[in-house]
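Here are my notes on the empty spaces in this model and on the helix packing around them. Please read them with the structure open.

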Amino acid sequence: MMGIEGDMTKKKLVIKDLVKTFSSGKVAALKGVSFDVNKGEFFAVIGPSGCGKTTLLRCVSGLEVPDSGSICIDGVDVGGIPPNRRDISLVFQDMALFPHMRVFDNIAFGLRMLKHPKDQVEKEVDEVMKLVALEGLGDRYPRQLSGGQQQRVALARSLVLKPSVLLFDEPLGNLDLRLQKEMLVELKLLHQKIGFTALYVTHDQEQAMMLADSIVVMNMGVIEQIGTPDEIYLNPSTVFVSRFVGRINMLRGEARLLDKIAIAKTEVGDFEAPLKEGLLQGMTVAYTIRPERVLVGDNVRDCENRIKAKLISQIYKGSEMEYVAQLSNGVKFKALTQGVSREVKLGEDVLLGWYTEDAVVIAKPSVVEGLDIDRVILGE
């Protein structure tokens, strides 16, 4: 089968100091980007529009030529090697299926171009069709398939080539939300089953959090942070990352350092968080807490951090309730709880609270030079 063998720590893809500019050097899409992807790793690249993630993918695939830096696949520098000889395969957003070809022929196309024997082509196409749940659909044309089935054909067409690195360019962007969620589960299970190496580019942070072993967050051509989904979400290294990944409550403060605690002195109170390396006495910081870590009403009695606010909105989300409260300085603060609290009423004061260990104090606005922390905290 197509399982991963050998040393799982071996680097499959190594990108070092990649630089790419457009408009005769006036627009920098990539500014010295470096990271490694291990064999069998699902590696996601996320960031806002214009951050450089698509340019990065095009450089890896050979569709763009970087100005400087290197890209190595299986230890080989692929600079100057054309896309069809890089041992990669690309799954596109628009799927790019051949409408005049049957499903079987779409999947077999790459193997036939490589002049594989007919019996081998049939065997490997049948195998990959079983893998992606397309059995019995080989004689159909793309127009006779659902959106999810078409996406599975596109995935199978790439998988059957057994590339060293499988590249994904916003692969679920053209599917509706229900199909996206179904395909995410299928893709996750498929990766767990056969362990292909993937570089997955998306603007959708939830897709990345669900699928990836490692995530790189990009901003304006540079890397803001690389880490596991948990590290990116629970311990963001910059204000940009905390704002981009998930929802966040944020207050501007001034750092006061104790033994193992950092206190952020804000205009609505003093709040505690674990002490992080790099924090200095008196520096301007962003004090952050995720909405799902904020408790409401009587539940806050044991919390080290508490604040009174006026409840201005309740949004029912099935098993969850989102509360929006306004602090005395006008800042909106959110809490996401399981179930509904009957003691909380719109327009009344409510007590919010959270534990010190759940908060994060961040002193760095962004990796991008020249950004002011006050403006980034305010989301400007």
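1. Start with the lining of the largest cavity. Two helices, α4 (147–159) and α5 (177–194), each supply at least two of its residues. Keep in mind that this is a predicted model. The full lining is Val91, Gln151, Leu155, Phe168, Pro171, Leu172, Met183 and Leu187.

2. What is the character of that lining, by class? Seven of the residues are nonpolar, one is polar and none is charged. The enclosed space is about 40 Å³. The structure holds one cavity of 30 Å³ or more.

3. Now look at how α4 and α5 pack. Their axes are 10 Å apart, at an angle of about 25°. Angles under 35 degrees count as roughly parallel, and α4 and α5 are therefore roughly parallel to each other. The crossing of the two helices is right-handed.

4. Which residues make the contact between α4 and α5? From α4 come Gly147, Gly148, Gln151, Arg152, Leu155 and Leu159. They meet Leu179, Met183, Glu186, Leu187, Leu190 and Ile194 of α5. By class, this contact divides into seven nonpolar, three polar and two charged residues. Gln151, Leu155, Met183 and Leu187 deserve a second look: they take part in the helix contact and also line the largest cavity.

5. Helix α4 has another partner, α2 (residues 103–113). The axes of α2 and α4 come within 7 Å and cross at roughly 30°. With the limit for roughly parallel set at under 35 degrees, α2 and α4 therefore count as roughly parallel to each other. Here too the crossing is right-handed.

6. On the α2 side, the contact with α4 uses Val103, Asn106 and Ile107. On the α4 side, the residues are Val153, Ala156 and Arg157. Four residues of this contact are nonpolar, one is polar and one is charged.

7. Next, the largest pocket. Its volume is about 680 Å³. Twenty residues would be tedious to list, so here are the ones nearest the centre: Pro83, Asn84, Ile88, Ser89 and Leu161, out of a lining of 20 residues. The elements giving two or more residues to this lining are β6 (88–91), α2 and α4. Helix α4 thus appears in the linings of both the largest cavity and the largest pocket.

8. How do the residues lining the largest pocket divide by class? Twelve are nonpolar, five are polar and three are charged.

9. The second largest pocket has a volume of about 380 Å³. Its lining also has 20 residues, and Met250, Leu251, Val331, Ile377 and Leu378 are the closest to its centre. Four elements each supply at least two lining residues: β11 (249–257), β12 (261–266), β18 (332–338) and α9 (373–377).

10. Which element gives the most to the lining of the second largest pocket? Strand β11 does, with five residues. By class, the lining has eight nonpolar, four polar and eight charged residues. For the largest pocket, the charged count is three.

How values were computed
Residues numbered from 1 in each chain as written. Predicted model: local features only at pLDDT ≥ 70, side-chain atom pairs only at ≥ 80, totals over all residues. Heavy atoms only, no water. 1 Å grid on protein atoms, 1.4 Å probe; cavity = no way out; pocket = protein on both sides within 12 Å on 5 of 7 lines; lining within 4 Å. Points joined across faces, edges and corners; volume = space filled by probe spheres on them. Nonpolar A, V, L, I, M, F, W, Y, C, P; charged D, E, K, R; others polar. Axes fitted to C-alpha atoms, helices over the stretch in contact; angles between N-to-C directions. Parallel < 35°, antiparallel > 145°, perpendicular 65-115°, else oblique. Left-handed = near helix turned anticlockwise from the far one by under 90°. Contact = heavy atoms within 4.5 Å.
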